[in-house]
Amino acid sequence: MDAVDEILAQWNRERPDLDFGPMGLIGRLGRIVHFLTREMDKTFVEYGLTGASFDVLATLRRSGAPYSLSPGDLLSTMMITSGTLTNRIDQLEKAGLVARSHNPDDRRSVSVLLTPKGLATIEAAVTAHVATQKRLIALLSPDEQAALDPLLRSFLAGIAGRASG
């Protein structure tokens with residue numbers, strides 16, 4: 001039995017009229033996310049980053065050379081408000097990891113780009129991040145990983161479809 005089983009047993013004792021099965025699944029998923037996030041955050045801190053700043057730098061890096069996107073393009077890949085994105089960019093700019101560049105043909109148009117320091121930081125951080133993820137997922141056998149991935153993909157597609165619909 002784990003902590004979730006104990007919670008379910010208490011609820012089943014107190015409210016036997018309800019089906020608490022979904023609470024177990026969702027509770028375990030939430031706890032897994034909590035532990036995974038905590039471990040990944042430790043990796044980000046080693047590079048002076050947060051999960052949020054890593055997300056911006058990683059989005060710029062995976063966009064390919066010249067590692068530059070408009071704020072709108074950045075925003076479309078993240079589930080945050082434009083004000084939150086502006087704050088993240090401001091902080092990364094202060095740290096010398098990104099720079100804003102104005103379009104010479106349209107001064108209203110701005111791009112956010114990785115600086116050399118930002119590129120070096122995200123290269124090192126993403127390498128460590130992948131190693132951390134690999135270490136965490138190694139708790140499951142290759143067969144378990146192969147079985148879990150399509151189940152989670154299907155669940156995510158269903159939840160995302162309901163959230164947007």
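A salt bridge here is a side-chain nitrogen of Lys or Arg within 4 Å of a carboxyl oxygen of Asp or Glu. The exercises below use that cut-off on a predicted model.

**Exercise 1. Count the salt bridges, then test the pair R13 and E14 against the cut-off.**

Step 1. A search of the whole structure returns 10 salt bridges.
Step 2. Take R13 and E14: their closest N and O atoms are 3.0 Å apart.
Step 3. The cut-off is 4 Å. R13 and E14 therefore qualify as a salt bridge.
Step 4. Check the surroundings: R13 and E14 are both exposed.

**Exercise 2. Find which acidic side chains R100 meets in salt bridges, and place the residues in the fold.**

Step 1. Recall the principle: side chains of opposite charge can pair when their charged atoms come close.
Step 2. The first partner to list is D90, with an N to O distance of 2.8 Å.
Step 3. This pair links distant parts of the chain. D90 sits in helix 5, R100 in strand 2 (residues 98–103), and 10 residues separate them.
Step 4. E93 is another partner, at 2.5 Å from N to O.
Step 5. E93 also belongs to helix 5.
Step 6. Now classify exposure. Buried requires under 20% relative accessible area, and exposed requires over 50%. D90 has 28%, so D90 is partly exposed. R100 has 31%, so R100 is partly exposed as well. E93 has 30%, so the label is again partly exposed.
Step 7. Elsewhere, salt bridges with shared partners join D2, D5 and R28 into one network.

**Exercise 3. Decide whether T115 is buried or exposed, and list its side-chain contacts with the backbone.**

Step 1. Locate T115: it lies in the loop between strand 3 and helix 6.
Step 2. Its relative accessibility is 14%, so T115 counts as buried.
Step 3. Look for an oxygen partner. A polar atom of the T115 side chain lies 2.5 Å from the backbone oxygen of G96.
Step 4. Look for a nitrogen partner. A polar atom of the T115 side chain lies 2.9 Å from the backbone nitrogen of G118.
Step 5. Apply the polar-contact limit of 3.5 Å. Both distances, 2.5 Å to G96 and 2.9 Å to G118, fall within 3.5 Å.

**Exercise 4. Describe the setting of S53 and name the backbone atom its side chain reaches.**

Step 1. S53 is part of helix 3, which covers residues 51–62.
Step 2. With a relative accessible area of 12%, S53 is buried.
Step 3. The side chain of S53 reaches the backbone nitrogen of T50 at 2.8 Å.

**Exercise 5. Identify the best-connected members of the largest nonpolar core and the elements that build it.**

Step 1. The core holds 22 residues.
Step 2. L57, L60, L74 and V98 touch the most other members.
Step 3. Elements giving two or more residues are helix 2, helix 3, helix 5 (82–94), strand 3 (106–114) and helix 6 (116–137).
Step 4. Helix 3 contributes most to this core, with five residues.

**Exercise 6. Find the residues that make the nonpolar surface patch, and trace them to helices.**

Step 1. The patch covers about 390 Å². Its residues are L25, I26, F155 and I159.
Step 2. Two helices each supply at least two of the patch residues: helix 2 (21–46) and helix 7 (142–164).
Step 3. Take F155, which lies in helix 7.
Step 4. Patch residues need over 30% relative accessible area. F155 has 37% and is partly exposed, so F155 passes this threshold.

**Exercise 7. Set sequence separation beside distance in space for two residue pairs.**

Step 1. E93 and H34 are 59 residues apart in sequence. Their C-alpha atoms are 29 Å apart.
Step 2. E144 and D105 are 39 residues apart along the chain. Their C-alpha atoms are separated by 53 Å.
Step 3. Add context for E144: it is found in helix 7. At 42% relative accessible area, E144 is partly exposed.

**Exercise 8. Relate the UniProt domain range to secondary structure.**

Step 1. An unreviewed UniProt entry lists "domain: HTH marR-type" for residues 22–157.
Step 2. Over residues 22–157 the chain is 70% helix and 12% strand.
Step 3. The end C-alpha atoms of this range are 18 Å apart.

Terms used. Residues are numbered from 1 along each chain as its sequence is written. This is a predicted model: local features need pLDDT of at least 70, side-chain atom pairs count only at pLDDT 80 or more; totals for chains, interfaces and linings use all residues. Side-chain values use heavy atoms; hydrogens and water are left out. Patches are made of residues with over 30% relative accessible area and no salt bridge: like charges are joined within 9 Å, nonpolar side chains (Val, Leu, Ile, Met, Phe, Trp, Tyr) within 5 Å. Accessible areas come from the Shrake-Rupley method with a 1.4 Å probe; for residues, only the protein chains shown count as cover. Helices (H or I, at least four residues) and strands (E, at least two) are DSSP runs, numbered from the N terminus. Buried means under 20% relative accessible area, exposed over 50%, partly exposed in between (1.4 Å probe, protein chains only). A polar contact is a pair of N or O atoms within 3.5 Å; within protein, one must be able to donate a hydrogen and the other to accept it, and residues adjacent in sequence count only if both atoms are side-chain atoms. UniProt positions are given in the numbering used here, feature names are shortened, and annotations may be inferred rather than shown by experiment. A nonpolar core is a set of buried Ala, Val, Leu, Ile, Met, Phe, Trp, Tyr and Cys residues joined through side-chain atoms within 4.5 Å.
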